[in-house]
Amino acid sequence: MRGAGTGTGGAAVAVAMSLLLLLLSRSPPAAAGDGKKSDSRLVSEQFSQAPQKLAFYNWYGSARLFHFRVPPDTVLLHWLLQVTQGSGPACSNVETTVYFRYGAPPVINPLGTSFANNTSVQPSFLLKMLQDNASFNVSYPAPGDWFVAAHLPPSSHKIEVKDFIPTCAYIFQPDMLVVRVVEMSILNLGCPVHLTVGSATLPGNFQKVLTCSDPTTACRLLLPSPPWERWMQVTAKSLAGPRVSVTFSAVVALTACRPWTVNLQHLLNSSDQSSNTSTGTPLPSPNTHDLDQSGKAGSGPFCFRSFPILREDMDVVSVRFRPLDRISVLVQSDMPSVMQLHLNTGMDSGGSLSISVSINQTVIANSTSVVACVTAGSPFLSFSTSLGCTTAFFQGYPLSLSASSPTANLSIPYPETDNWYLSLQVLCPERPEECVQASVLVETTLYLVPCLNDCGPYGQCLLLRRHSYLYAGCSCRAGWRGWSCTDNSTAQTLAQQKVATLLLTLSNLLFLAPIAISVHRCLLVEASVYAYTMFFSTFYHACDQPGGAVLCILNYDTLQYCDFLGSGVSIWVTVLSMARLKASLKYVLFILGTLIFAMSLQLDRRAAWNTMGPCLFAIVVMVTMWVYRCGRRRHCYPPSWQRWVFYLLPGLSMAALALTIYVSMMTSENYYYTHSIWHMLLAGSAAFLLPPRDQHAEPWACAQKLSCRYEICKNHRDELYTVT
């Protein structure tokens, strides 16, 4: 039958033996392609999604997420997983880890890090693949959203330059084959049969199994708080063997009660007595003579208070829940107080559910406590008989408040798509007589947030997308790890962070050397480029640091773009200056190269060839001009051996070492000093490789002429024939 819910609140239902039975008097269907004769009542459907390239795991964004929807009346779910490996020397057999979860994306922890305090995690079904293909079946799966996540082993933390070193592509594609029942029979029960109540979810399976083999003994199954507003699937399998007709009967007993909804009229009636509540005087409680929502006398007792909750959508994967027209929720001992949180839109499972409840510790006795239970599907209502916080098919999250512990917090990453419930009740385990008149106001703070605590000071909350589905994850820095960047087992100390910031910023001061040399040799454009690079590289790395050692003068993305642009253009102008072109041609190439760099970095600023391509072209131009001069003058160019020994060879060696470090030696652990060395080598190579000044020009001549304000230093001499 439909979940036992009436109106907005629903009803608590205890079921003896079972509810509406969706029965198939047969064994579970075999997988597709088994060669057996097909059943006319079954139909097969296949669902597939576009494959994705797998990545080595570093944070949750490294995992590739797939979102499937299992149709209702599915009796068999067949997963077919395929990994396609590229060809080449870089390819080898690696292990692929695949996770499955019903209702929300899997919460995974491949690195074995710790979670934040008060965080509860639902486990996911894990499958490791060493071969190219794998498959498995799930009988009678729960209908709705199913999520698949896959990744390669944890990364080596090496910073790889994109498109420079050959890598291997691992392509992952899951396919979902479902077998559905097109004619669902509603039959009477009987013995001997094997009953399975509920649907399968992975890995936690709360299906209830009942074996009825004795025809003289009645089989009974009690289901407290079954799911509301949904069909319950019960599968009957004959134990008498194949092709044996079995007849049986069933008795279904339902125990239901009505919710007492705290509407606006109740709030107005109780507002005058709110001051008495803090002193222990209870508000009016419902009884069998109260009126229901239709205004008619109720026919049965109330079993819980239902507080209307306002859902306020604030942003993407960001929702606030609050009780209507009040801050606190009244909790008493006679019945639970229940709040329903609507997280069933299909777009809420990509965030984290944050629940905080608190009481005033001065108005609660030492022997009194407020217990709470957070569940999905149906509320927990059996506080007086059980402290397990478990409904028929869900293990809830218990909370407790007392005078010594007046606040309780709970965080649930990626909550399942469903209606969630917060149930509270006052208990006096030591002195039950004190609970007769006890009532407590409980303040609740209920939020759905993209990331817990916004990933803290050492993390960044990033919004991820798979087609139209949005979910969030934390990217950690400074050695911090974990789901919310709270694991400090490998974290840098504040002193280490300050040292890293100083190294990455102050190492750019070495660009003062090529700036001074450029001005000394009247290379003012080159000096301007080096100054630009020094400025933006310094403040980009000051902004790139986490925690307290951070300073951002502009938007982070703007600073990063300017830093990448300055680095590329610095190499470009240095190499073209070494070519000793005509002034007009040189400056035209300066402008064209800068525009090309700006365009390519906008397309993909981390692609290696977007920077190396123009630089290789500049090297070709330089080599061509040097070879031309060698042939024209009949001797080597540059002609001076001192120029080669004391300038070119040291400069080229520093440039080669800088390229080696940048390409193959940087990791996330040594980044702060290897990248600092890269800064120093880049600046030092520019200082050594800049061409000498013209023999007829005075040192600092351009600076002197610029300061007189009457003329600008100009040199129309053809630099092609300058003897150096």
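Reader: What makes the second largest pocket a pocket, and how much space lies in it?
Author: About 1300 Å³ of space lies in the second largest pocket, where a volume is the space filled by probe spheres set on grid points joined across faces, edges and corners. The term pocket is used because the points, on a 1 Å grid over the protein atoms alone, form an open set with protein on both sides within 12 Å along at least five of seven lines. The model is predicted: local features need pLDDT of at least 70, side-chain atom pairs count only at pLDDT 80 or more, and totals for chains, interfaces and linings use all residues. Residues are numbered from 1 along each chain as its sequence is written, and side-chain values rest on heavy atoms, with hydrogens and water left out.

Reader: How do you know which residues line the second largest pocket?
Author: A residue counts as lining if it has an atom within 4 Å of a point. By that test 49 residues line the second largest pocket, and Y102, A142, P143, R230 and D418 lie nearest its centre. Two or more lining residues come from each of β8, β11 (144–154) and β29 (418–427), with β29 giving the most, 3 residues. The lining divides into 22 nonpolar, 18 polar and 9 charged residues; here Ala, Val, Leu, Ile, Met, Phe, Trp, Tyr, Cys and Pro are nonpolar, Asp, Glu, Lys and Arg are charged, and the others, Gly among them, are polar.

Reader: Why are some spaces called cavities, and how many are there of 30 Å³ or more?
Author: A cavity is a set of grid points where a 1.4 Å probe fits but cannot get out. The count by this rule is 5 cavities of 30 Å³ or more, and the largest holds about 90 Å³ of space. It is lined by 12 residues, of which M578, P638, R643, P691 and P692 are closest to its centre. By class, 9 of the lining residues are nonpolar, 1 is polar and 2 are charged. P638 belongs to the loop between α8 and α9, and a cis peptide bond with omega of about -5° joins Y637 to P638.

Reader: What makes the largest nonpolar core a core?
Author: The name is given because a nonpolar core is a set of buried Ala, Val, Leu, Ile, Met, Phe, Trp, Tyr and Cys residues joined through side-chain atoms within 4.5 Å. Buried means under 20% relative accessible area, exposed over 50%, and partly exposed in between (1.4 Å probe, protein chains only). The largest core has 48 residues, and Y530, W572, V573 and L576 have the most contacts inside it. Two or more of its residues come from each of α5 (524–543), α6 (556–579), α7 (583–603), α8 (608–633), α9 (641–665) and α10 (671–689), helices being DSSP runs of H or I of at least four residues and strands runs of E of at least two, numbered from the N terminus. The largest share, 12 residues, is that of α6. A second, separate core of 42 residues includes W260, L341, I359 and C435.

Reader: With which residues is W572 in contact, leaving aside its neighbours within four places in sequence?
Author: Contact means heavy atoms within 4.5 Å. On that basis, and with those neighbours left aside, W572 is in contact with L589, F590, G593, F597, P614, F617 and A618.

Reader: Why is T113 called buried, and what does F115 count as?
Author: T113 has a relative accessible area of 9% and is therefore buried. At 26%, F115 counts as partly exposed. T113 lies in the loop between β8 (96–102) and β9 (125–129), and F115 is also in the loop between β8 and β9. Beyond residues up to four places away in sequence, T113 touches R481, G482, W483 and D487, and F115 is in contact with V107, N109, V121, W483 and T486. The C-alpha atoms of F115 and S484 are 6.9 Å apart, although 369 residues separate them along the chain.

Reader: Why is N453 called exposed, and what is its phi?
Author: N453 has 68% relative accessibility and so counts as exposed. Its phi is near 55°, a positive value in a residue other than glycine. D454 likewise has phi near 55°, and D454 is exposed at 53%. N453 is in the loop between β30 (439–449) and β31 (459–466).
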